[in-house]
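Let's take a walk through this one together, a piece at a time. Have the structure open and turn it as you read.

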Amino acid sequence: MLIILKKVIYIFLIFGINLAVCSYMINKISARSELRRGFTASRAGGLGYPFLEISKYLAKSYRLNIWEIFLFFFSFFIWTAIPFSQTLILIKLDSDLVIAVLFYIVLVFFSLVNASRSSYGFIWNNFLKKVLMMYSIFIPILFSISSLVLINRTLNLREIVGFQYQYWNIIYQPLGFILMFTSAFAQFKLTGLVRKNTVLFSENSEKEGAGFGRLITRFSNYSTLFFLLVIIVILYLAGWQKLYFVNGNIMFVLKFYILFFIILLLDKATPRLDDYKYLISINWKFLVPISVVNFILTIVFFILRNIYNLI
Amino acid sequence: MAKELYNGIYSSHKLVFIERIEKNIDYYLKNRVLEVKRLEQELFCVLSKSNLTAVLKELKENPEFDIQVINSINLFKSNGTYCLLIDLSSVVNNYSILLKVLLNSATDESSRQEYKEILPAIVQIFKAAEFYMSRNNLKQSYNDVVFKNQVFDGLDGFDIFLSTDYDIIKKAYFDTTISRVLPQNLNKSFNLFDLQTSVSRYDYSAGIFPELCLCLAVEELLKIKVSKRVQYIRILLSELSRISSHIYFISGIAKIIGADMAHSFSLLEREHVLRILETITGSRINPNFIKIGGIKKDFKPETIINIKDSLSRILKSVYRLETLLLDNSIITAKLKNTGAADKDMALACGVTGPNLRASGARYDIRKNRNLMLYKDLSFLVAIGKYGDCLERVQIRFREIYQSIKIIDQVINDLPDEYIKKPVDISEIELEYSEMISCVECPHGVFKIFIEMKNNKVLNLVILGPSKNSIYLAEKILPGNRVEDVEIILASLDINSGELMS
């Protein structure tokens, strides 16, 4: 019991520190790229700014509904099946990759249902389009995960990391990595950490709640992005495997932040992506066909090596 | 040659052309027109209500006149009688004509009734006149989607009513009643001295142009010839404010698309340009600098060095801004093929300025008329081909480069002359007289019709280009998506100040 409590506290600590550092990075980098100074509210380079923001949200009056509460709990439940190292995992399962993906689908579902409460037909129509976008981005993710599972022949995330002790999966699946990263980037643009959330803020309506409700939606947005980045690091970039003499945990953190930094820079270089037509076209004309091709190539490779023993 | 032209030894070939058309009007419409005048470079006709349709038909069908464009229709009261002011222009023959139609009615209500009766006859000849009819029935039928004023940034002069099929717009209607203000309420008094300071409010993004237009009109009436240095300084100021207005337009586009870096860069660049304007005039938005017969004060030689230094920097950063905004495939994919207006449609709506040039018509008042000293300077008129949103943005960038070229020439050959003091307004003595003047402002052709007696302005009619842009928006919105409404309207550069009339 005590061991589980200790693990929970560790995971909460990791999540909290990440939240503070990432929100600091987001604000500072976006300000610097626009030739602004960034926040001047607090001293020490604005290090305490994330905490100030949280207290600002909490000070306001709030109104909660049932979907927001679901969202809040599920954005923490999502971390139960994800390993941060060989031992730091709450529930040990044989096929935790499936659980993680399912959890993620549920989280996206709740955030969309929360966004799409409306009695106006036109607005409902617009939200439905965004739901479609979020879920159609899922197809390349699932394809690339399944082709990776074919190579590693396991559904266990810890075993997948163990498999990469010599070569990282990015060498076997370069296309899959690019697809996963692009899909994560598209999700990031949709949930919008730097700007307002494009799912919640459309051209016709604004609702992101005030006070605690706003805090919850922000938490869930951060949580979804962290989850995608952690999954990419684990699946393709060898998670906590050590590199020469560098400690595995440090490598994990380093990879996570490098990916996060690249995503932030890409975000500043591209305009807002809330155009349904454009997103659908890049998804169905670029991401999905390439992921299918990648899957077929992997199957051929798999059959040749494991069934006919040709390679 | 340029010096002799300036001194008036040779009359410009454009003026000769207008003289010929004036003679033709005298010949063809002798019995139907009460009076024909040439007010500097524009023609002005007075006619009675009964002859209107015959005159319009003659003007449209006779190949000597060849008028296709109706720019605006205004109802106003002059000397106790109600009049209709119809602005017509011909892009092919390169001239424009103002018809003043005398109405029979004596009261406000009966004049409005008469206005409603006349319009259907005009619509049969010029279809674009339907925009000036009362169309309340459309408001009730097109109400699937309603955008109230102030929904979009900077576009707060009208409500938009749309009828849609899923997200494709079928019909559009713009209601501009909210911005309909009587000029008596808008301007505190019609004293010329007060009007000079308040006229720049008609254009909030480039306030120098209404001032310039008013001063040109009064100078023409008083037959004042201003010195070359003053003319050059006026050109310098107007080109600077054109650059600032265009950069402001680009910042608006970048904000709608969501390109944060381009948005903040463009606002910074506008700041550099506005700082130069501020050092010369002392104000950023309402300069109040151009006076009748001169300017408020001459600037020092240090400011010229200052402008020279910052000009190259502005050129470099505008180029950087263009690459940042238009080298991005996501942005160009969004702008391309949205809100396309072909040449015929743009001409029929009476659109002028960069919006018309984007759809392929070479029409620029700076080249086509004898405006100030633009004939001494060499620059190109940027024209597009397809007239979509991307083309409209590109045209603005190219115009900025041309403006920088003009400023460079102006600074290099600025003559060192003594500037006379401007005319004392209280001493002006004039008979009752009318005047038209026009300038090429960043949104299009800004035209003023003015009636004066001594130093008192009896009537001031603003014929701005934004009304025509709204009419064009009504035409091009059908077929586009509801999500694109904001970007199409922003790309037309509608200035809500001019709508107030």
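Before we talk about bridge partners, one ground rule: two strands count as paired if DSSP finds at least two bridges between them. Also keep in mind that this is a predicted model.

Start in chain B, with the strands β6 (residues 145-147) and β7 (residues 159-165). They run antiparallel and are joined by 3 bridges, which clears the cut-off of at least two bridges, so they count as a pair. To find the pairing on screen, look for B:Val146, whose bridge partner in β7(B) is B:Phe161. B:Val145, for its part, is partnered with B:Leu162 of β7(B).

Now cross to the next neighbor. Strand β8 of chain B (residues 168-175) also runs antiparallel to β7(B), and here 7 bridges hold the pair. A handy landmark is B:Ile160, which stands opposite B:Phe174 in β8(B). What links β7(B) and β8(B)? The two form a hairpin with 2 residues between them, and B:Tyr166 in that turn has a positive phi of about 55°.

Put these strands together and you have an open sheet of 3 strands in chain B, in the order β6-β7-β8, with antiparallel pairing. The edges are β6 and β8 of chain B, each of which pairs on one side only. From one strand to the next, the twist averages 20°. As general background, strands of a sheet pair through backbone hydrogen bonds, either parallel or antiparallel.

For the parallel kind, stay in chain B and go to strand β5 (residues 95-102). It pairs with strand β2 (residues 42-48) in the parallel sense, over 6 bridges. In that pairing, B:Leu47 has B:Val101 of β5(B) as its bridge partner. Strand β4 (residues 81-90) of chain B runs antiparallel to β5(B), with 8 bridges joining them, and B:Asp87 is partnered with B:Leu98 in β5(B). β4(B) and β5(B) make a hairpin too, with 4 residues between them; B:Asn94 in the turn has a positive phi of about 60°. Is β5(B) enclosed or open? Of its 8 residues, 6 are buried, so the strand is largely enclosed by the rest of the structure.

Chain B has helix packing to look at as well. Helix α3 (residues 52-61) and helix α4 (residues 108-125) of chain B pack at an angle of about 15°, with their axes 10 Å apart. That makes α3(B) and α4(B) roughly parallel to each other, and their crossing is right-handed. On the α3(B) side, the contact uses B:Leu52, B:Thr53, B:Leu56, B:Lys57 and B:Lys60, which meet B:Ile118, B:Ala121, B:Ile122 and B:Ile125 in α4(B). By class, this contact has 6 nonpolar, 1 polar and 2 charged residues.

Over in chain A, try helix α6 (residues 138-152) and helix α9 (residues 174-191). Their axes come within 9 Å and cross at roughly 150°, which means that α6(A) is roughly antiparallel to α9(A). The crossing is left-handed. α6(A) contributes A:Pro140, A:Ile141, A:Ser144, A:Ser147 and A:Leu148, while α9(A) brings A:Gly176, A:Leu179, A:Met180 and A:Ser183. The residues of this contact divide into 5 nonpolar, 4 polar and no charged.

Last stop: where the chains meet. Chain A puts 11 residues into the contact and chain B puts in 14. On the chain A side, those residues are 4 nonpolar, 2 polar and 5 charged.

Key:
Residues numbered from 1 in each chain as written. Chains lettered and ligands numbered in written order. Predicted model: local features only at pLDDT ≥ 70, side-chain atom pairs only at ≥ 80, totals over all residues. Contact = placed C-beta atoms within 7 Å. Nonpolar A, V, L, I, M, F, W, Y, C, P; charged D, E, K, R; others polar. Axes fitted to C-alpha atoms, helices over the stretch in contact; angles between N-to-C directions. Parallel < 35°, antiparallel > 145°, perpendicular 65-115°, else oblique. Left-handed = near helix turned anticlockwise from the far one by under 90°. Buried ≥ 20, exposed ≤ 12 C-beta atoms within 10 Å, placed from the backbone.
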